[in-house]
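The following exercises are to be worked with the sequence and the structure at hand. Each task is followed by a solution in steps.

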Amino acid sequence: MIQTETLALLEWPRLCQHLSTFAATKLGAIASRYLPIPQTKQESIELLEQTKEVYYLEQKLDRGLSFEGIQDIGLSLERAKIGGMLSGVELLNIATTLAGVRRLRRVIEDQDNVPTLTSLIEQVRTYPELEQSIHHCIDDRGEVTDRASEKLAELRVKSKQFRDKIYKILHNILQRQANSLQELVITQRGDRFVIPVKAGQKEQIPGIVHDISGTGSTFYLEPNSIIQLGNSLTQIQRQEQKEVEAILTALTAKITEVEDDLEVLLVCVTKIDLATAKARYSLWLQANPPRLINAEETVTVRNLRHPLLVWQHQHEEGNPVIPITVTIKPEIKVVAITGPNTGGKTVTLKTFGLAALMSKVGLFIPAKEPVEMPWFGNILADIGDEQSLEQSLSTFSGHIRRISRIISAIESETSPFLILLDEVGAGTDPAEGSALAIALLKYLADNVKLTIATTHYGELKALKYQDSRFENASVEFDDNSLQPTYRLLWGIPGRSNALTIAQRLGLKSEIISVAQEQMGGYSEEVNQVIAGLEAQRREQEQKAETASQLLQKTERFYAQVSQKASELKDRERELKLSQEKAIQDAISQAKAEIAKVIRTLQQGPQLGQNAQKATENLQKIGETYLPVVVTPKKPGYKPKIGEKIRIPRLEQTGEVISLEDNEQITVRFGIMKMTLPVTDIESLDGQKVEIPVKPPKTVAPPPPKNTSLTIRTSQNTLDLRGSRVHNAEIELDKAIATGSATGSTVLWIIHGKGTGKLRDGIQQFLKAHSQVEKFELASDKDGGAGVTIAYLR
């Protein structure tokens, strides 16, 4: 009973309701709302592993885990188990569930690093043959299909034939007896086809009246001419229904045979969906996975936020959530939290209690990493006012009743306990209440793992200095605004602020002075010491925050520098590798070409001309592959369209409108336009335009008149387009040799226009060749600058 009370006091059902909104299936939502609390630490560790693995998949997969098609088939399995017949819709839901679970299993089995989910899904059998049987007999609407059995198909054909005959007869009656009918429609009453006949005209159409309208003006009559057909149709429909029931019964029997495996399937899918809901809720909370620590480790939960307040802030436009930090050393057994009312003491209790429960059920905790929480077998709380007029219980009596139930639970179990007490010892005489609170906290320090209690009693602050198992904490209060800051301060007891608040609110100073005298100077000195400690703590926190920010900046800068250095090294290594590869490729290609020249020299006649040609080829290979050091020239000034420039000789400033061949420029100044040489302008900062010196054009001497015919044929034409110069020279040498041997005096060489490099190389080769008398470019109609005609000796 006390465990159930604690869950209600901590508002655990509300958190479970929030969790259920992240479930994908109905079963998962129900399991989330009634989330079971594990009884062993190993169960909690396994649940946390499930949540971690789903969290990993949610971030890795584009759409996360999909539960599409999975239905709640639990009631259907129960009915099949006790001998009931399942409907077509229920069978269809089972088939879609099997398909959905099969897809889910395939996704999980295809992933790495999810051993817990894999071991869970391995237990599932999805029976594809059963799914196929259902889809063969049931359509997408949950109706039994004609292909389910031959008999059913025959009966439905007969049923349609009788229905068509009935409609045909009734349509004839509608046409002949239109004046006797209220409407020209065919309808049904039960399983009989009828037509609406006017009350005074029913004698005109003999038949059986199956229904009368509310006003009595319309009789729904089945004409005698279709009664026999209707009877036959009814018989066929009954046979059809029996056949449908037989098919459904057979499919239900198949479900019953594997009912145990299907229940296991439902349990596994529910567990995975529950883990998915936890992962998605944790992702929404921006929570982090807790590490369940041992008894000798320190509890560390930094920037812990109350999950229900986060929900309220996000969905209900509540106030921003102020986080708390909890650090409890392993030797501490009791933490006493003091401070003003509405300062956040009770919220602190609930926040830590919910965090302990969340880590226990496999949820992440909305706190900054690392999150290190102990595992508590029982979490019990006395929070709030249990005053009851019906049971004649005062506030004090209500607290004592609940604390008595907590002590009974402690004595009956040996698992680690977390006890949360709000306003311990309150509701009675302060002296007695304080003594009772001290005795209770000492008892709990002896018997439970951790107790956190809130109090207003100053005597409890001194326990820390008498017993090393006690620790003080307080909620911060701002003296300037007279408002709590809701921040939790560890190691510092809360101080009384009643007189300070009263003085700020305008109470007479004489009354304040008398109150201070009644309290005594010692109490005032204690408050001053506490205030000084708080000031020192705030100063240290500010320094720590500044140091933390500086450290973060340093780490970011170091990471950036390291990354850039690594990138530069990688780039340097890549460039070096690419340069080495390019050099190796060039050497290999040069060696191949040199070998080709040597082979040509060896295979041909040992003539001085061939030796000279080989020497020239080797020289060209060297020019091609040896690196040429080019001194980069600094680009000169070039005006751009739209740029403002100056015309010195006119002492005008204008705007460039257009450029022509990099030599003429059109400028607009004012309403005038002028075209002038680019050398007549300069930039606004005085830069002149430099015109590159054009190399003089080499004009080939006019060839002497050739009286021979230059007829172009396939035998005297050589196409070298796309070839390299050195390859073209080899092919050209072969063609010249062939032409000389065959007596041809003309060789047409097609090299294309392109950049002109290939043409220049060919013409240089022809100029030096001893068997070439002269060469010239072809006429425009024969290819112009893309074709050279060589005349052989």
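The exercises below treat aromatic pairs, nonpolar cores, one asparagine and a sheet.

The model is predicted: local features require pLDDT of at least 70 and side-chain atom pairs pLDDT 80 or more, while totals for chains, interfaces and linings use all residues. Residues are numbered from 1 along each chain as its sequence is written, and side-chain values use heavy atoms, without hydrogens and water.

**Exercise 1. Aromatic pairs**

Determine how the ring of phenylalanine 22 is placed against that of tyrosine 281, and which parts of the chain the pair ties together.

Step 1. Rings of Phe, Tyr and Trp (its six-membered ring) pair if their centres lie within 6.5 Å; planes under 30 degrees apart are stacked, over 60 edge-to-face, and the rest tilted. A search of the whole structure yields six aromatic pairs.

Step 2. The ring centres of phenylalanine 22 and tyrosine 281 are 5.5 Å apart and the planes stand at 45°, so this pair is tilted.

Step 3. Helices (H or I, at least four residues) and strands (E, at least two) are DSSP runs, numbered from the N terminus. Phenylalanine 22 belongs to the loop between helix H2 (12-20) and helix H3 (26-33), and tyrosine 281 to helix H11 (residues 259-285), so the pair ties together parts 259 residues apart in sequence.

Step 4. Relative accessible area is classed as buried under 20%, exposed over 50% and partly exposed in between (1.4 Å probe, protein chains only). Phenylalanine 22 is buried at 17%, and tyrosine 281 is buried at 0%.

Step 5. Phenylalanine 22 also pairs with tryptophan 284, with centres 6.3 Å apart and planes at 50°, so this pair is tilted. Tryptophan 284, in helix H11, is 262 residues from phenylalanine 22. Tryptophan 284 is partly exposed, at 27%.

Step 6. One aromatic cluster is formed by Phe22, Tyr281, Trp284 and Trp311.

**Exercise 2. Nonpolar cores**

State how many residues the largest nonpolar core has.

Step 1. Such a core is a set of buried Ala, Val, Leu, Ile, Met, Phe, Trp, Tyr and Cys residues joined through side-chain atoms within 4.5 Å.

Step 2. The largest core has 100 residues, and those with the most contacts inside it include Trp12 and Ile272. Its largest share, 12 residues, comes from H11.

Step 3. A second, separate core of 23 residues includes Ile406 and Phe470.

**Exercise 3. Asparagine 288**

Is asparagine 288 buried or exposed, and what does it touch?

Step 1. Asparagine 288 is located in the loop between H11 and strand E5 (290-293). Its relative accessible area of 18% makes it buried.

Step 2. With contact meaning heavy atoms within 4.5 Å, and residues up to four places away in sequence not counted, asparagine 288 touches Phe364, Ile365, Ala367, Lys368, Glu369 and Val371.

Step 3. A polar atom of the asparagine 288 side chain is 2.7 Å from the backbone oxygen of alanine 367.

**Exercise 4. The sheet**

Identify the edge strands of the open sheet of five strands.

Step 1. Two strands pair if DSSP finds at least two bridges between them. The strand order is E18-E17-E16-E15-E19, with antiparallel pairing.

Step 2. Strand E18 (672-677) and strand E19 (682-683) are the edges, each pairing on one side only.

Step 3. Strand E17 (residues 664-669) is joined to E18 by six bridges, and valine 667 stands opposite methionine 674 in E18.

Note on methods
A polar contact is a pair of N or O atoms within 3.5 Å; within protein, one must be able to donate a hydrogen and the other to accept it, and residues adjacent in sequence count only if both atoms are side-chain atoms.
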